[in-house]
Amino acid sequence: MSKKTKIDPRIKRTNKYLRNALVELLKEKDVTSITIQEITEKAELTRGTFYLHYQDKQDFLMQSMNEVLEELIEKVKPRQNDEYSSELEEKDESVSFLKLFEFIYDHADYFKVMLSDRGLPQFRSHMTEIVKRRVYGELISSIGEAEDVLDIPKDILISYITSAHIGVICSWLESDMKFSPAFMADKLTRLTLLGPIRVAGLENKIKLPY
């Protein structure tokens, strides 16, 4: 990833006001129904200020989405210059999960509306790709190396894992995050590595559908 240029704090503040305004509006209506006028009024900014930063509504939506997801990437990626952190991540496979859930917890309103039917359709697919490459990168690499001995096609396995992860995140948000990020990270790690039937303690207690 290329080195980022430092953003003027005033620009960051303006972007945050506009993004927060979008989130509030998305709680009431679909993204396609929201106008620039409504966004700027909710943010208590002028349309002129909006157009200093964005070409149009679509440009604003895409840039806002990319900014949040870039922050998410920065959150979950290993800290190369932190020896202790790197060592910890090698020992604890749930660390990336924990960072992911902590970030979503801190930006819950945004993720809740953007992953809903009212948000941008591209958001879920972009986030799924981040989960696949940044959170499950090492696991997926291991799956690729063992592809010859897999009982099911690799693509199906990877799709199942990443789709289940996004589904769990959505369910957690919809329940108003009644479990902590640490709890979610731990359980999702176990579900991913051991499978749902085993983790739930149902191996010998249910009748399989075949």
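Arg134 lies in helix H8, which spans residues 121-135. The model it belongs to is predicted. With a relative accessibility of 37%, Arg134 counts as partly exposed, because that class sits between the buried limit of under 20% and the exposed limit of over 50%. Arg134 has Ser96 at 8.3 Å in space, C-alpha to C-alpha, although 38 residues separate the two in sequence.

**The whole protein**

The protein has 12 helices and zero strands. Read from the N terminus, its elements run α-α-α-α-α-α-α-α-α-α-α-α. Of its 210 residues, 34% are buried. The exposed area is about 13400 Å², and carbon and sulfur atoms supply 50% of that area. Among contacts in the protein with a separation of 6 or more, 63% join residues that are 24 or more positions apart.

**Helices H6 and H10**

Two packed helices are described by the angle between their axes and by the distance between the axes. For H6 and H10, the angle is about 35 degrees and the axes are 12 Å apart. The crossing in which H6 passes H10 is right-handed. The residues that meet are set out below.

| Helix | Range | Residues in the contact |
|---|---|---|
| H6 | residues 95-106 | Phe97, Leu100, Phe101, Ile104 and Tyr105 |
| H10 | residues 154-174 | His165, Val168, Ile169, Trp172 and Leu173 |

By class, the residues of this contact between H6 and H10 divide into nine nonpolar, one polar and no charged. Ser96, the residue at 8.3 Å from Arg134, falls within the range of H6, residues 95-106.

**Helix H2**

Helix H2 covers residues 36-43, and its buried residues are Ile36, Ile39, Thr40 and Ala43. These four are on the same side of H2, because the arc they cover around the axis is only 90 degrees. What do the buried residues of H2 pack against? They pack against three helices: H1 (9-26), H3 (47-53) and H4 (57-76). After H2 comes Glu44, which has a positive phi, near 60 degrees.

**In brief**

The predicted model is a protein with 12 helices and zero strands. Within it, H6 and H10 pack with axes 12 Å apart, and their contact has no charged residues. The buried residues of H2 pack against H1, H3 and H4, while Arg134 in H8 is partly exposed.

Methods: Residues are numbered from 1 along each chain as its sequence is written. This is a predicted model: local features need pLDDT of at least 70, side-chain atom pairs count only at pLDDT 80 or more; totals for chains, interfaces and linings use all residues. Side-chain values use heavy atoms; hydrogens and water are left out. Helices (H or I, at least four residues) and strands (E, at least two) are DSSP runs, numbered from the N terminus. Buried means under 20% relative accessible area, exposed over 50%, partly exposed in between (1.4 Å probe, protein chains only). Contact means heavy atoms within 4.5 Å. Accessible areas come from the Shrake-Rupley method with a 1.4 Å probe; for residues, only the protein chains shown count as cover. Axes are lines fitted to C-alpha atoms, for helices over the stretch in contact, and angles run from 0 to 180 degrees between N-to-C directions. A crossing is left-handed if the near helix is turned anticlockwise from the far one by less than a right angle, and right-handed if clockwise. Ala, Val, Leu, Ile, Met, Phe, Trp, Tyr, Cys and Pro count as nonpolar, Asp, Glu, Lys and Arg as charged, and the others, Gly among them, as polar. The arc is that of the directions from the helix axis to the C-beta atoms.
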